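I opened a fresh page for this chain. The plan is to look up pockets, cores and one glutamine.

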Amino acid sequence: VNQVYINHRGDDAEDKSPAEILAGLASPLPLHFSMVEIGRLSFRGSTAQSAFEAAEVHLSAHWLDQFKLSALAFKAGGIQFQVTGEFAFARPFALNGAISSWLKPTADGRVPAPGRRLETRIAGNLEDVAVHATLDQPELAVDGHLRAVLTEPNWEAHLQSKVLQWPLTAA
């Protein structure tokens with residue numbers, strides 16, 4: 001597939017809760033995508049502007065009562081992403097996944113900045129999602145939780161860094 005555009009339906013969309021929308025994503029038949037390749041993927045909001053664009057999208061997945069993402073790779077905003085995981089379409093909407101991202105090399109093969117690799121892991125369900133993220137340059141780690149994602153979202157996060165020392169001073 002060369003290009004895919006996904007448009008927001010705006011005010012024409014039915015009034016459904018987020019939980020109803022997610023539960024409605026379950027497939028009545030098992031669907032297996034062994035390798036889907038899309039040159040350009042664009043999500044558009046209620047305005048004509050794209051809310052998100054990705055290029056060189058490669059997807060392998062299985063879809064039934066949950067979505068199992070074997071592999072997803074794409075480029076967006078100068079960053080390369082690789083994603084794996086699974087998401088259940090029934091309460092409590094269990095999820096588990098990993099996201100790797102890094103700055104992609106320039107056209108002449110140079111990396112614009114050393115390192116800059118971000119690894120993120122998520123696990124739990126939409127009532128309590130544990131998140132762990134690490135960045136290699138500068139060395140940072142974030143551990144946290146997202147809670148009540150569908151009803152009253154709240155979060156907590158703890159940042160660890162050898163680079164940032166308290167009290168912070170202006171550079």
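My entries follow, pockets first.

**Entry: status.** I am working from a predicted model.

**Entry: largest pocket.** I looked up the volume of the largest pocket and got about 630 Å³. I then asked which residues lie nearest its centre. They are Leu59, Phe67, Leu69, Leu72 and Val83, out of a lining of 25 residues. Next I sorted the lining by element. Strands E2 (31-44), E3 (50-63), E4 (66-76), E5 and E6 (94-103) each give two or more residues. E3 provides the largest share, with 6 residues. I also checked the classes: 20 nonpolar, 4 polar and 1 charged.

**Entry: second largest pocket.** The volume here is about 160 Å³. I counted 14 lining residues, and Leu72, Gln82, Val83, Thr84 and Ser100 lie nearest the centre. At least two lining residues come from each of E4, E5, E6 and strand E7 (117-125). By class I noted 7 nonpolar, 5 polar and 2 charged residues. Leu72 and Val83 are named nearest the centre for the largest pocket and again for the second largest.

**Entry: cores.** Which residues make up the largest nonpolar core? I listed 12: Ile38, Leu41, Ala54, Val57, Leu59, Ala61, Leu69, Leu72, Phe74, Ala76, Phe81 and Val83. The elements that give two or more residues to this core are E2, E3, E4 and E5. I then found a second, separate core of 8 residues, with Ala19, Leu22, Phe87 and Leu95 among them. As background, nonpolar side chains tend to be buried together in soluble globular proteins.

**Entry: Leu69.** I picked Leu69 since it is listed in the largest core and also lies among the residues nearest the centre of the largest pocket. What does Leu69 touch, leaving aside neighbours within four places in sequence? I read off Leu59, Ser60, Ala61, Val83, Thr84 and Gly85. Of these contacts, Leu59, Ala61 and Val83 are also listed in the largest core.

**Entry: Gln80.** I located Gln80 in strand E5, residues 79-88. Is Gln80 buried or exposed? Its relative accessible area is 13%, so Gln80 counts as buried, the cut-off being under 20%. I then looked for a polar partner. A polar atom of the Gln80 side chain lies 3.5 Å from the backbone oxygen of Phe74. Phe74 is itself a member of the largest nonpolar core.

Technical notes. Residues numbered from 1 in each chain as written. Predicted model: local features only at pLDDT ≥ 70, side-chain atom pairs only at ≥ 80, totals over all residues. Heavy atoms only, no water. Helix = DSSP H or I, 4+ residues; strand = E, 2+ residues; numbered from the N terminus. Buried < 20%, exposed > 50% of the residue type's maximum accessible area, 1.4 Å probe, protein only. Polar contact = N/O pair within 3.5 Å; in protein donor to acceptor, adjacent residues only side chain to side chain. 1 Å grid on protein atoms, 1.4 Å probe; cavity = no way out; pocket = protein on both sides within 12 Å on 5 of 7 lines; lining within 4 Å. Points joined across faces, edges and corners; volume = space filled by probe spheres on them. Nonpolar A, V, L, I, M, F, W, Y, C, P; charged D, E, K, R; others polar. Core = buried A, V, L, I, M, F, W, Y, C linked by side-chain atoms within 4.5 Å. Contact = heavy atoms within 4.5 Å.
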